[in-house]
Amino acid sequence: MKKKKWLIALLVVVLLVAGLGVYGAARLGYFGVPDEWQTFLLIGTDTRKDEPDAGRSDTMIVCAVNLAKTEVKLISLARDMWVDIAGDTYGHNKLNAAHRYGGPRLLMDTLNETFGLELKEYVSINFYGLIDIVDALGGVDVEISKAEASTINKNVGIDFPNAEAPRVSAGVAHLNGVQALTFSRIRKLDNDFGRTSRQRAVLSAMLQKVKSCSPGELYKLAGTCMEHVSTNISLDRMLSLGGPLLRRGLEEFTDLSLPSKGNYRNVTRDGTSRMEFDAQQVAQELHDFIYGE
């Protein structure tokens with residue numbers, strides 16, 4: 001029994017903390033996907049701990065896993081993309097509104113209809129849980145710019161006035177939980193693509209820390225992770241993906257943001273700012289990035 005608990009704990013840490021989540025049976029439907037590729041949806045919400053499936057989805061990442069090659073690819077989708085929300089009730093809105101209206105299920109349905117996906121399973125991580133997870137790791141090391149350092153120092157003082165957060169400077173900075181969350185949420189310095197890039201940088205840094213944890217630290221960390229995760233994935237499916245990844249090892253992941261530069265435009269219509277794009281082109285870019293065609 002102890003061995004089984006340890007396997008589950010290690011699996012949860014390596015997969016969830018690295019941003020990989022759990023096993024996803026979904027495939028990129030109309031492109032004829034090879035059997036070794038599996039995809040699922042990783043969702044980051046800006047809600048309280050007891051409301052993991054509520055509110056808008058600040059982060060939406062399609063995660064593709066190749067067990068044979070032990071490869072992981074993360075595709076971040078811009079939250080302001082203007083789409084037709086699945087079903088006949090909500091009409092057109094920003095992509096992240098789908099989660100607000102109908103949680104992960106409606107968000108997956110919308111992604112499936114818009115990009116020809118077959119997403120069925122997800123893992124949702126509460127953004128505020130990132131604070132506890134990063135602190136449980138003892139902080140993470142992330143390279144930041146002068147402007148990012150200034151924003152972190154300013155915003156931590158505003159949003160978390162009672163937190164212990166030493167000032168950070170440009171370069172490789174050691175971030176604690178509130179600093180990592182603040183860094184992940186920076187948007188005004190550039191745009192949503194810069195924001196998702198920062199989020200992936202934090203995930204990558206977390207993966208590096210996980211690889212250096214002792215067995216005892218990993219087991220404790222697993223419990224912290226599970227407090228902030230909501231998923232519709234069974235334990236058996238977790239193990240079916242986690243086993244091969246743990247046996248072969250996972251060094252890193254590659255990532256992409258969509259829509260790509262030059263293939264969208266930000267407009268304001270009826271008082272609402274939104275991102276207009278070609279859904280078929282985005283779907284093709286998803287395919288090319290994952291399968292290299």
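**Salt bridges, cores and a pocket in a predicted model**

Biologist: In this predicted model, which residue does E148 meet in a salt bridge?

Modeller: The side chain of E148 comes together with that of its partner at 2.9 Å, N to O. The pair links distant parts of the chain, since E148 belongs to helix α4 and the partner to helix α6, 50 residues apart. Both residues of the pair are buried, and the partner of E148 is R198.

Biologist: How many salt bridges does the structure hold, and which residues are linked in a network of them?

Modeller: The pair of E148 and R198 is one salt bridge, and the structure holds ten. Salt bridges also join several residues into a network, whose members are R265, R269, R274 and E276.

Biologist: Is D58 buried or exposed?

Modeller: D58, in strand β2 (residues 57-66), forms a salt bridge with R79, which sits in the loop between β3 (71-77) and β4 (82-84), 21 residues apart. D58 also forms a salt bridge with R195, with the closest N and O atoms 3.1 Å apart, and that pair joins strand β2 to helix α6 across 137 residues. A residue counts as buried under 20% relative accessible area, and because the value for D58 is 9%, D58 is buried.

Biologist: Is R79 buried or exposed?

Modeller: The side chains of R79 and D58 meet at 3.1 Å, N to O. The limit for a buried residue is under 20% relative accessible area; R79 has 12%, and therefore R79 is buried.

Biologist: Which helix gives the most to the largest nonpolar core?

Modeller: This core has 41 residues, and those with the most contacts inside it are V140, I144, I152, L175, F183 and M206. Setting aside residues up to four places away in sequence, I144 touches A149, I152, V168, S169, A170, G171, A173 and F183. Apart from this core lies another one of 33 residues, among them I75, L107, Y122 and I290. The helix that gives the most to the largest core, with five residues, is α6 (residues 192-211).

Biologist: Which elements give two or more residues to the lining of the largest pocket?

Modeller: About 210 Å³ of space lies in this pocket, and its lining includes T151, N155, F160, L181 and R185. By type, the lining residues divide into four nonpolar, three polar and four charged. The elements that give two or more residues to this lining are α4 (146-159) and α5 (177-185).

Key
Residues are numbered from 1 along each chain as its sequence is written. This is a predicted model: local features need pLDDT of at least 70, side-chain atom pairs count only at pLDDT 80 or more; totals for chains, interfaces and linings use all residues. Side-chain values use heavy atoms; hydrogens and water are left out. On a 1 Å grid over the protein atoms alone, a cavity is a set of points where a 1.4 Å probe fits but cannot get out, and a pocket is an open set with protein on both sides within 12 Å along at least five of seven lines; lining residues have an atom within 4 Å of a point. Grid points are joined across faces, edges and corners, and a volume is the space filled by probe spheres set on the points. Helices (H or I, at least four residues) and strands (E, at least two) are DSSP runs, numbered from the N terminus. Ala, Val, Leu, Ile, Met, Phe, Trp, Tyr, Cys and Pro count as nonpolar, Asp, Glu, Lys and Arg as charged, and the others, Gly among them, as polar. A nonpolar core is a set of buried Ala, Val, Leu, Ile, Met, Phe, Trp, Tyr and Cys residues joined through side-chain atoms within 4.5 Å. Buried means under 20% relative accessible area, exposed over 50%, partly exposed in between (1.4 Å probe, protein chains only). Contact means heavy atoms within 4.5 Å. A salt bridge is a side-chain nitrogen of Lys or Arg within 4 Å of a carboxyl oxygen of Asp or Glu.
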